[in-house]
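Here are a few exercises to work through with the viewer open. Try each one yourself before reading its solution.

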Protein chains: 2
Amino acid sequence: MSEDHGVRANGRTRIDFQTQPERYRHWRLEVDGDVATLVMDVDEKGALFEGYELKLNSYDLGVDIELADALERLRFEHPQVRVVVLRSAKPRVFCAGANIRMLAGATHAHKVNFCKFTNETRNGLEDLSENSGLKSICAINGTAAGGGYELALATDYIMLVDDGSAAVSLPELPLLAVLPGTGGLTRVTDKRKVRRDHADVFCTVEEGLKGKRAVDWRLVDEVAPGSKFDAAVAARAKEFAARSPRNGAAAGIALTPLTRTFGDSGVEYGTVSVELDRAARIATIGLRGPTAPPPESADAMTALGAKFWPLQLARELDDAILHIRLNELEVAAIVFKSAGDPAQVLAYDAFLDANRAHWLAREIRLLWKRVLKRVDLTSRSLVSLIEPGSCFAGTLAELPFASDRSYMLIGRRDGDNRPPAAIALADVNFGAYPMSNGLSRLASRFLADPADVDAAKAARGKMLDAETAQQLGLVTFALDDIDWDDEVRVFLEERASFSPDALTGLEANLRFGGPETMESKIFARLTAWQNWIFQRPNAVGEQGALKRYGTGQKPMFDTKRV
Amino acid sequence: MSEDHGVRANGRTRIDFQTQPERYRHWRLEVDGDVATLVMDVDEKGALFEGYELKLNSYDLGVDIELADALERLRFEHPQVRVVVLRSAKPRVFCAGANIRMLAGATHAHKVNFCKFTNETRNGLEDLSENSGLKSICAINGTAAGGGYELALATDYIMLVDDGSAAVSLPELPLLAVLPGTGGLTRVTDKRKVRRDHADVFCTVEEGLKGKRAVDWRLVDEVAPGSKFDAAVAARAKEFAARSPRNGAAAGIALTPLTRTFGDSGVEYGTVSVELDRAARIATIGLRGPTAPPPESADAMTALGAKFWPLQLARELDDAILHIRLNELEVAAIVFKSAGDPAQVLAYDAFLDANRAHWLAREIRLLWKRVLKRVDLTSRSLVSLIEPGSCFAGTLAELPFASDRSYMLIGRRDGDNRPPAAIALADVNFGAYPMSNGLSRLASRFLADPADVDAAKAARGKMLDAETAQQLGLVTFALDDIDWDDEVRVFLEERASFSPDALTGLEANLRFGGPETMESKIFARLTAWQNWIFQRPNAVGEQGALKRYGTGQKPMFDTKRV
């Protein structure tokens, strides 16, 4: 894996976020009644890039893609599961964290993207507990170091074997001169509420803590001797399952493989298209509205399964965003467009509202919430173009609200007899899809005056033309046909001309006005500092700790404190 | 100013944070009844470092040191002032922001320290309004660009002349490929609550916005034509003064110059000493308790003026911290020690409590709040050593709570007949000194269980020995004489051996558990991203925007988005 660009192993031409349990190389998903077990058993030879082996259950992005997939399957394919136990198949090792040689060799962009995705996976595990009632237990049979302990931190309950050697640790600082950046520091202080001086000790002790002190300092919830460990875990799993509010059906739906065609200039999905203009550094994501009205009943929705339009679209959009993030690094801006009947989109939202108590409807809404958060956190300029024939309504209206700017065309274009552009709001725009700061996108947009949120609420269900949408503050600019082409072209050219890094920093600030949550702190306070450290010679320079790890040579530090 | 180290102008051997109005080169502080005017009139030739001139009211750290001093004088020397107007003496220019050539030539450490100090100054201006009732108006007579507009953002009310050319702008991104990092982005979204898409437009338009749109988009509060501008400002100042709750006396106290002696191995103040062990990379700050009981009355306190022990100590500690931050970059850890009678310290806290309605008592408490926040934000490892003869009580107990760790000696040392170490709490530890996250240091410490705060509260006024203090969670380790030397030595050696950058990131995360405020977002989300950008070749590389600004050559960017 060269500094400039990693060489993907096994002739892969791109990083693929789609997988399925039969293809897993690193995890096993075992389901037994209402208890699932996710067994981590990383295949040393199964690395995503060349140049390193995944020893001691260390992981790279490929391992985490499987974990993310498994969590989706628990949501959709196994609604009867009420608790999931994470454990290791390796003796005396739970997980050694992110692979250090992978990190040492990775480009800066890959490190940043890798951490972002692993963070999103861990947030998804917490969301699974909080909003789907599927509780999680981490059963640590040995060493849980760095990212291994950070994975444990994302579960509801951490159990550690008490055998005199098993320990949890965050050795990133002393060993590698970087931070525990996959939420570790934030979850220690804000989720487990470890006292800050204890956290300081813990994060600077390479070997970590074990036994009673690990419990006393709130780092784990329970320790049990080796001989009783499995029984203790089983008992807790049973107890958690009994307490879980998850009311899923006995049978789930199959998350069938996405149908995708990758071409030179984009990707075609069923309801999504990605069109790449590499010279202009623009990716246009087109969203297609439903082609039929919503099904008659929840049972009919379940029968449609992965073909149910809102579910299909969410999965395809998620894959498209991840593909651009990881495989199309030169893309400066993502343009969202849509085509379809906004009334139909509202009908699907009304259908999901009406069936909100149904497990599948709820999981689909939760999936949309996560996909939209992924959009918010994508470090590309985001713009929505709202044109005649588009269907930015209800759930799809969140994309203009997630965008850095939106442009809406007034009236029709010559020779185009599609209806003028309209956007429409629904209940779903007022709380179902909180951002990581805990607010809806409209509440975040109208921080200055809650009355603006009320005015938007009062307009629910109406087809809002460009001038009305602008008046309500829902779009940035309403333009007529004469100005449209020039304004949009200049904006996109300008965006491609600016420093990509400065745009990343700007957007990471402007998108998240208002309050912060533990989740948003992970992506702001923690991640921004980690990204800084990932640029500092003390970590990544030739004499830095990350490069020298394992060479027998000590790192050489610039000793100035900054 | 070389990349490795700036060359200070005029043979200065260190950056000095002490000044006084008679020595100002860049500001004039004019006081007229209850209205003060701070006139910015930067002396081009008065730069702190060689290699640039401070044209168009651009500023460097030296300019901001004068501003910070002027704000302190308004607090202590002019308690009758109810409103301060910031304006420029230059025609058609308010302020061009931080000097670009200074930034381009500055070391990374200096850029970071410069932004931190200017942020603290702007937060101080807001605190002056919020907690001292001294309102501020920014009267912009022309261009307010970048840091110039950020200074305006820190005031309560922004007035802009409406002459067809005067504008406010944040051109950092398009011009320099960096962020408006002195709070700009955060104040735009969180204080002025500008809609995020409007903010996106504003921050990417080099020339900024003016006139009506600047008002409509909430960027300024009022515009007035040039012929009526001065009268409009005067009228607003009168109105703000009339509404101000500031109830200060007619006469203030003089902030007399600090008495300091700089030596090779430290600095001696009246109540503070700084001892440098350069080989070990440690600075020890010794705090001396009061040598006499508190005065009999508020009048007697006023008569003591700058010699009143809590005020003298706060000013000296502040200067010592700033000196270490900017002039002693190799210091890895700051060790806090104290000597004195803890009961006397408590007596001073009780005196300030009893006189809390008195303007001077209130200003002294607010100064301590700011100094302690400065400690929290200092990127050095902080440790308190609590030994026999020390006086970490009340206000001074905040230093162990601000430290990353604290060590307390159990009992006495052989041959030492001073009383065993004791710490003592007072009312002041439970709310008077919030951190930037809005919580007291004890509430931040005991996030896990508010009952621990209650237990500490119940122990107010008692002399707590080491074991009790540890039991209450107030210190990290209570050690006996046998272990003390080794434990402390190993800790300090370890701290000096770690990557300075990783420690900065770790401490910036662990110190600020819990909620975030606008202020803490500025130091976390915004500053951490800015520091990342300050490391990126697109900004600071030879072909980067900051280096190429003004050369006529366009910057060359790595176009990958990270």
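**Exercise 1.** Which residue forms a salt bridge with A:R75, and how far apart are the closest N and O atoms?

*Solution.* First, some ground rules: this is a predicted model, where local features need pLDDT of at least 70, side-chain atom pairs count only at pLDDT 80 or more, and totals for chains, interfaces and linings use all residues. Residues are numbered from 1 along each chain as its sequence is written, chains are lettered from A and ligands numbered from 1 in the order in which they are written, and side-chain values use heavy atoms, with hydrogens and water left out.

Step 1: know the rule. A salt bridge is a side-chain nitrogen of Lys or Arg within 4 Å of a carboxyl oxygen of Asp or Glu.

Step 2: find the partner. A:R75 pairs with A:D127, and their closest N and O atoms are 2.9 Å apart.

Step 3: place the two ends. A:R75 sits in helix α1 (residues 61–76) of chain A and A:D127 in helix α3 (residues 108–132) of chain A, so to speak distant parts of the chain, 52 residues apart. Helices (H or I, at least four residues) and strands (E, at least two) are DSSP runs, numbered from the N terminus.

Step 4: check the cover. Both A:R75 and A:D127 are buried; buried means under 20% relative accessible area, exposed over 50%, and partly exposed in between (1.4 Å probe, protein chains only).

**Exercise 2.** Where do A:D404 and A:R511 lie in chain A, given that their side chains meet in a salt bridge?

*Solution.* Step 1: the N to O distance for this bridge is 2.7 Å.

Step 2: A:D404 is in the loop between α14 (398–402) and β18 (405–409) of chain A, while A:R511 is in the loop between α19 and α20 (518–533), 107 residues apart.

Step 3: A:D404 has a relative accessible area of 4%, which makes it buried. A:R511, at 3%, is buried too.

Step 4: look at the helix α19 (residues 500–510) of chain A, where 11 of its 11 residues are buried.

**Exercise 3.** Is B:E387 buried or exposed, and what about its salt-bridge partner B:K337?

*Solution.* Step 1: B:K337 and B:E387 have their closest N and O atoms 3.6 Å apart.

Step 2: B:K337 lies in strand β16 (residues 333–339) of chain B and B:E387 in the loop between β17 (381–386) and α14 (398–402), so the pair ties together parts that are 50 residues apart in sequence.

Step 3: B:E387 is buried, with a relative accessible area of 14%, whereas B:K337 is partly exposed at 32%.

**Exercise 4.** How many aromatic pairs are there over all chains?

*Solution.* Step 1: rings of Phe, Tyr and Trp (its six-membered ring) pair if their centres lie within 6.5 Å; planes under 30 degrees apart count as stacked, over 60 as edge-to-face and the rest as tilted.

Step 2: that rule gives 20 aromatic pairs. One of them is B:Y149 with B:F202, edge-to-face at 5.5 Å centre to centre and 80° between the planes. Both of these residues, B:Y149 and B:F202, are buried.

Step 3: try B:W529 and B:W532. Their ring centres are 5.4 Å apart and their planes are at 80°, so this pair is edge-to-face. Both lie in helix α20 (residues 518–533) of chain B, 3 residues apart, about one turn of the helix.
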